[in-house]
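I opened this entry to keep track of what I looked up, beginning with strand pairing, then moving to the nonpolar cores and ending with a single residue.

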Amino acid sequence: MPCGEDWLSHPLGIVQGFFAQNGVNPDWEKKVIEYFKEKLKENNAPKWVPSLNEVPLHYLKPNSFVKFRCMIQDMFDPEFYMGVYETVNQNTKAHVLHFGKYRDVAECGPQQELDLNSPRNTTLERQTFYCVPVPGESTWVKEAYVNANQARVSPSTSYTPSRHKRSYEDDDDMDLQPNKQKDQHAGARQAGSVGGLQWCGEPKRLETEASTGQQLNSLNFSSPFDLNFPLPGEKGPACLVKVYEDWDCFKVNDILELYGILSVDPVLSILNNDERDASALLDPMECTDTAEEQRVHSPPASLVPRIHVILAQKLQHINPLLPACLNKEESKTFVSSFMSELSPVRAELLGFLTHALLGDSLAAEYLILHLISTVYTRRDVLPLGKFTVNLSGCPRNSTFTEHLYRIIQHLVPASFRLQMTIENMNHLKFIPHKDYTANRLVSGLLQLPSNTSLVIDETLLEQGQLDTPGVHNVTALSNLITWQKVDYDFSYHQMEFPCNINVLITSEGRSLLPADCQIHLQPQLIPPNMEEYMNSLLSAVLPSVLNKFRIYLTLLRFLEYSISDEITKAVEDDFVEMRKNDPQSITADDLHQLLVVARCLSLSAGQTTLSRERWLRAKQLESLRRTRLQQQKCVNGNEL
């Protein structure tokens, strides 16, 4: 068993140990994964792994073990790499086998040369994901992860490649090309600044060329490289993630926690830059990759680092205050302990939101139900469980909606506020689309992971003309709300991407967008200074209480829920009775919404089955809400 002291700083040494023991026997790969799994099970071990979300890239040592919390923004085509390759010493003629897994470039010692014709070479396949930090992740989530991690790092010294290296993909490309093209390619390489990569240059020369190549590479970019974040103002690294096992389990927009080996080799920048130069010398008909595609798929490693994944986990949620996987046995103690004190937490949260909604306790009830709602299943195309709320009656030309969003930001792990102005609707890109020139998915505002809170502020909408993109954006929002899906634009066709986004619409009158429920705000007080009022409200809440609110709103989304046959029969009888008294008073859609309200109401009290009491309470809430809307309609003389 390899020594485990350096598994964080020198993981490739661990991998080399297993490879040396097992050779070409594929068991070595399973043993590597098991080794790191066991290491991460040790007491607090994950907290000692440096995170790309928190540690600046230049602080991290190349080829060290790192983690990354991210969303899959795009999936590139699978790529071939040299899984095992053989080198031969030019002096002694000794042959040595190397592993290529978890590496971007083939490594070779002095006087060694890659034997491209060795029968022991094997070509394998890996998948590349383009991953970005979780869009809209709240500040409190980031801070909690930073505080939990114990990894302490200092800036790494400038990286000096000590061995001669060559890109795996470059080797494969050369192997597939006719001899004449090989010579042209080699000539092009020699003509550039990569002579030192041909296995025989001096390390010092290679180091110089690496730094020069990086400078040239940055100059060759005609425009700043677009990291393709879905939301404006996002920070953090984007990464090219190389996945070796079970990549079929993952899909675009999944949130992952990755553990793997960081690759930021400067040589990658030279190779990728030189490939662009070399391809320009070849017959264009023979080059399938466009310059733009190479630019996007092979950005400088200093800007978009690579992670070679050893372990990947799809995250249920990103709330750092809860166990990552809530259905595991070890999480049940945490869940049952919190559920035992649920009632006072709900009462305090209701009071807090009542103050945030200017004294309106009914609106606060509905806001709680909205925040814990989730799409729990789909029946044909209908998403069940969604609960989009339109909070009408919001003061116009006021900072109320902005500060209400700030309150929500403090409660949920990920959110985004869309200011619905004519300019934004006409000019912002809502729908992701496929760029066939660069062969990538260009992100849009609606490329969001599950359980994101989207607050649409309609109070900013002025009179004006929506142009064609604006109409498409409104349609996209309507489809998101109604069907919980976004149709990505692939030019020749639309592709449906199901989603699970909580949408809250704030408006003055009734929203232009569809909503499952409209609740009209009835403020009991109008603070003279809204900012001061909201700030004092937040500062008055103890951090420990705020954390309980955060756990409450995340945990309840994942509880199982059912309705007994007895209650189902009682609900059906109730529906028939209501229809008998007044057929116009309740429709099948009204019943469906009543059941959603009853579901969220039960879960908000920690009850996983519907009781008669909760059903009656749901009917009471809906009656109060409808009465309020009718009263407002009479006051205004028009429909809300």
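Before reading the sheet, I noted that two strands pair if DSSP finds at least two bridges between them. The model is a predicted one, and in it I found strand 13 (residues 389-392) paired with strand 21 in the parallel sense, over four bridges. Looking up a bridge partner, I found that Leu-391 is matched by Ile-519 in strand 21. I then checked the side chains of strand 21 (residues 517-520): Cys-517 and Ile-519 point one way, Gln-518 and His-520 point the other way, and all are buried.

Next I turned to the nonpolar cores. The largest has 70 residues, and Phe-352, Leu-411 and Tyr-552 have the most contacts inside it. Helix 11 (residues 361-372) supplies the largest share of this core, with nine residues. I place the core between domain 2 (327-558) and domain 3 (561-639), because both give residues to it. Setting aside residues up to four places away in sequence, I listed what Leu-411 touches, including Trp-140, Leu-349, Phe-352, Leu-546 and Phe-549. Another core, of 28 residues, lies apart from this one, and Leu-418, Met-420, Ile-422 and Tyr-488 are among its members.

Last, I looked up Glu-292, which sits in helix 8 (residues 291-297). Is Glu-292 buried or exposed? Its relative accessibility is 30%, so I count Glu-292 as partly exposed, since buried would require under 20% and exposed over 50%. Beyond its neighbours within four places in sequence, Glu-292 is in contact with Thr-437 and Ala-438. I also noted that the C-alpha atoms of Glu-292 and Asn-439 are separated by 8.5 Å, although these residues are 147 residues apart along the chain.

Key: Residues are numbered from 1 along each chain as its sequence is written. This is a predicted model: local features need pLDDT of at least 70, side-chain atom pairs count only at pLDDT 80 or more; totals for chains, interfaces and linings use all residues. Side-chain values use heavy atoms; hydrogens and water are left out. Helices (H or I, at least four residues) and strands (E, at least two) are DSSP runs, numbered from the N terminus. Buried means under 20% relative accessible area, exposed over 50%, partly exposed in between (1.4 Å probe, protein chains only). Contact means heavy atoms within 4.5 Å. A nonpolar core is a set of buried Ala, Val, Leu, Ile, Met, Phe, Trp, Tyr and Cys residues joined through side-chain atoms within 4.5 Å. Domain bounds come from an automatic or database domain assignment.
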